[in-house]
Amino acid sequence: MRSKRNPLALKRVVFGLLMLLVSIGLVADVQAQSSTVGNISGTVRDPQGAAVPKTEVVIVDDKTQTSRTVTADDNGFYSIPSLPVGRYTVSTAPQGFKKTLATVELHVNENLTVNLNLEIGGASEVLNVTADVGQVETQSGEVSSLVAEKQVTELPLNGRNYAALVTVVPGVSTAGSFAARGTGLDSNVDMSVNGNASNANLWTVDGVNNMDVGSNATLLVFPSIDAIAEFRVERNSFSAEFGQAQGAVIYLITKGGGFQFHGTLFEFLRNNSLNATSNFLKQAGQPKQQLRYNNFGGNFSG
């Protein structure tokens with residue numbers, strides 16, 4: 001028997017596909033927020049310090065090998081906005097000069113200045129620029145602290161909750177209800193930043209609000225420590241796009257993929273066999289308290 005097509009089912013499928021496309025577009029729009037990307041700009045100059053106009057500047061992502069090309073203006077100034085965090089190689093090779101390149105690390109919401117000072121020579125010659133890379137923020141008055149990937153993965157965390165790392169930032173004072181070991185409703189991220197209210201902070205993940213807007217004291221999701229690229233704590237003079245926050249803005253970026261697969265296994269343990277017996281227990285003839293804590297797991301990425 002020939003089956004009859006169900007027009008209602010077909011409409012539902014089409015509607016579902018449309019909603020999927022809309023959601024992908026919304027995610028792409030969220031990823032484009034300034035809090036999730038950085039910018040690289042600078043000036044191209046000859047050996048006498050004069051600007052070299054209209055030269056092409058190429059930037060390559062070392063992880064994915066994707067590249068972008070921009071043209072400097074009449075003053076030799078170039079700007080490459082909206083770059084994901086990562087390691088980049090910036091290069092230029094005007095006619096009559098050596099190919100000049102600089103390798104830099106771009107962090108979240110960072111305005112990095114990379115000046116390219118040329119030397120006369122052939123295009124086959126390569127000049128690596130290492131000294132003239134401005135790492136100081138000169139384009140805004142924001143006061144912030146970066147918690148990099150190395151700190152996230154190597155600092156001890158009781159419960160592997162990244163919220164505890166915010167407490168190492170200057171100006172942060174936790175409230176009595178602060179509890180970074182648990183997750184969900186078992187946690188609490190009440191902390192006062194520069195004397196502001198403890199529930200006046202904003203936490204985001206990849207540009208999306210991660211706060212329980214009812215209490216403004218708990219987080220909705222807790223990315224795995226192994227999935228965090230880095231996060232920044234804005235403590236003062238941050239952008240107007242964060243108008244709902246009065247204390248601090250904590251925006252976290254998760255890791256992106258590359259051309260290679262990686263995997264790790266880990267175990268964090270605490271055991272009373274590794275602890276010394278206190279003098280008070282020794283004098284009382286009492287044994288030390290038994291302690292067994294094993295936190296193990298793994299990850300796979302690419």
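Which residue's side chain does the side chain of N109 join through a polar contact of 3.1 Å? The legends below, which describe a predicted model, begin with that residue.

**View 1. Surroundings of N109 in the loop between β6 and β7.** The side chain of N109 is joined to that of E234 by a polar contact of 3.1 Å, and the N109 side chain also makes a polar contact of 2.6 Å with the side chain of Y251. N109 itself sits in the loop that runs between β6 (99-106) and β7 (111-114); because its relative accessible area is 15%, under the 20% limit, N109 counts as buried.

**View 2. The largest nonpolar core, of 34 residues.** Within this core, the residues with the most contacts are Y162, V166, W203 and F231. At least two core residues are supplied by each of β13 (191-193), β14 (202-205), β16 (228-236) and β17 (249-254), and the largest share, five residues, comes from β17. Residues up to four places away in sequence being set aside, Y162 touches L157, W203, V205, N210, L219, P223, I225, I228, F231 and L252. Apart from this core lies another, of 21 residues, which includes V44, I59, L112 and V114.

**View 3. P94 in the loop between β5 and β6.** The loop that holds P94 follows β5 (86-92) and leads to β6, and P94 counts as buried, with a relative accessibility of 11%. When neighbours within four places in sequence are left aside, P94 is in contact with T55 and L118. The C-alpha atoms of P94 and K54 are separated by 9.2 Å, although these two residues are 40 residues apart along the chain.

How values were computed
Residues are numbered from 1 along each chain as its sequence is written. This is a predicted model: local features need pLDDT of at least 70, side-chain atom pairs count only at pLDDT 80 or more; totals for chains, interfaces and linings use all residues. Side-chain values use heavy atoms; hydrogens and water are left out. Helices (H or I, at least four residues) and strands (E, at least two) are DSSP runs, numbered from the N terminus. Buried means under 20% relative accessible area, exposed over 50%, partly exposed in between (1.4 Å probe, protein chains only). A polar contact is a pair of N or O atoms within 3.5 Å; within protein, one must be able to donate a hydrogen and the other to accept it, and residues adjacent in sequence count only if both atoms are side-chain atoms. A nonpolar core is a set of buried Ala, Val, Leu, Ile, Met, Phe, Trp, Tyr and Cys residues joined through side-chain atoms within 4.5 Å. Contact means heavy atoms within 4.5 Å.
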